Amino acid sequence: MRISDPQLRGHLAERGVDLRPGAKLSEWTSLGIGGTTDMLRITKHASIPDLLGLLEASRVPHRFLGGGSNLLVDDGELPWVVLQLVPPEPDVVLEGNLAHIDAAADLGRTVTFCAKHDLGGMEGLIGVPGTVGGALRMNAGAYGMQIGTYVREVQLYRAAARKIETLRGHQISFEYRHTSFAADDMMLAVILELPSKPYNEILNGIRICNEKRRSSQPLGQKSAGCIFKNPPGASAGRMMDELGLKGLSIGDARVSERHANFFVNAGHASAKDMLALIGDVRERVRKAYGVALENEVVVWNA
Ligand code: EPU
């Protein structure tokens, strides 16, 4: 979708928006898949309600993009513009055990920064790509921890109320790779309350998680992390492995040889290839185990 109206472009510029016309979303997603659209990079949180009012009045549909690391975007010219927050400098401010973090902050760098200040708890998330906002929305977790445990407060744009609101941790439900945020809520900032731990102890935990991840996941390849959620009490990756699906490909979309729940873009995979592979694998698992695997990856169909 292109914003061609010069007046609207002017209004966006006045609100500190950096307009990237014809951005290729394949360059903004870890899968390296996605078509073309105008991208609006936002520097001022406070301008968001006004900005969205402008887009709505001009009938320009939009989607919010975090770090693009758990996302499969359709091919071709996309029918919505994409909004993304630009992280401020600094994007993490510490106050005792509280970490005030911008939603656009890089997750891995945030975990490391907090560790250096003797704040732990998030060791398991090291190596998970993406932003803090994205991790929050999905309640990202690994190795027995999940980010929701540490949430004290979240600032978000609530599309339904058309305003910026603050929610306390107990007002949000954090479940396995699921939260009570609405699909069109935009995460803006979070306060995490993290346990004090000596840096060396945190570093040791980080090293252990890093090693586990490196030995079991295809880290150097283009992927969106795990494609499916684990069904209760089972591992989707193990089920697919047992069915001999590692290496199964459609075009350049391929089930990883290292971890079957990671589907990689082995070259120039299209969204069509990846979606076909997801559908094919889901059907094989359903036939073999009678289990309907649910997507963990978020799909943006045009
Ligand atoms: N396994 C296989 N073959 C495979 C993959 C796994 O046999 O191809 C076996 C493993 O050997 C292990 C068991 O299945 O015995 C579980 O594997 P793993 O420890 O890798 O855990 P997982 O259930 O596959 C989950 C999360 C990961 C997270 C890891 C570590 C989901 C869908 N996956 O994977 O999260 O990193 O545990 O805590 O919840 C993600 O969310 O994108 C993600 C990758």
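Buried means under 20% relative accessible area, exposed over 50%, and partly exposed in between, computed with a 1.4 Å probe on protein chains only. The structure is a predicted model, in which local features need pLDDT of at least 70 and side-chain atom pairs count only at pLDDT 80 or more, while totals for chains, interfaces and linings use all residues. Residues are numbered from 1 along each chain as its sequence is written, and side-chain values use heavy atoms, with hydrogens and water left out.

**Exercise 1.** Characterise the pair Asp18 and Arg20 by contact and by accessibility.

*Solution.* Step 1: apply the criterion for a salt bridge, namely a side-chain nitrogen of Lys or Arg within 4 Å of a carboxyl oxygen of Asp or Glu. The side chains of Asp18 and Arg20 satisfy it, with an N to O distance of 3.1 Å. Step 2: classify each partner. Arg20 has a relative accessibility of 31% and is therefore partly exposed; Asp18, at 32%, is also partly exposed. Step 3: place the pair in context. A search of the whole structure yields 15 salt bridges, and a network of such bridges links Arg2, Asp38 and Glu77.

**Exercise 2.** Determine which parts of the chain are linked by the salt bridge between Arg152 and Glu193.

*Solution.* Step 1: the closest N and O atoms of Arg152 and Glu193 are 2.9 Å apart. Step 2: locate the partners, taking helices (H or I, at least four residues) and strands (E, at least two) as DSSP runs numbered from the N terminus. Arg152 belongs to strand β10 (residues 151-158) and Glu193 to strand β14 (residues 186-193); the two residues are 41 residues apart, and the pair links distant parts of the chain. Step 3: Arg152 is partly exposed at 31%, as is Glu193 at 40%.

**Exercise 3.** Analyse the salt bridge between Asp280 and Arg284 within its helix.

*Solution.* Step 1: the N to O distance is 3.0 Å. Step 2: both residues lie in helix α7 (residues 271-289), four residues apart, or about one turn of the helix. Step 3: recall the geometry. An α-helix has 3.6 residues a turn, so residues three or four places apart point the same way. Step 4: Asp280 is partly exposed at 25%, and Arg284 at 37%.

**Exercise 4.** Establish how the buried residues of helix α2 are arranged about its axis.

*Solution.* Step 1: in α2 (residues 48-57), Ile48, Leu51, Leu52, Leu54 and Leu55 are buried. Step 2: viewed down the axis, these buried residues fall within an arc of 155° and so line one face of the helix; the arc is that of the directions from the helix axis to the C-beta atoms. Step 3: just after α2, Arg59 adopts a positive phi of about 55°.
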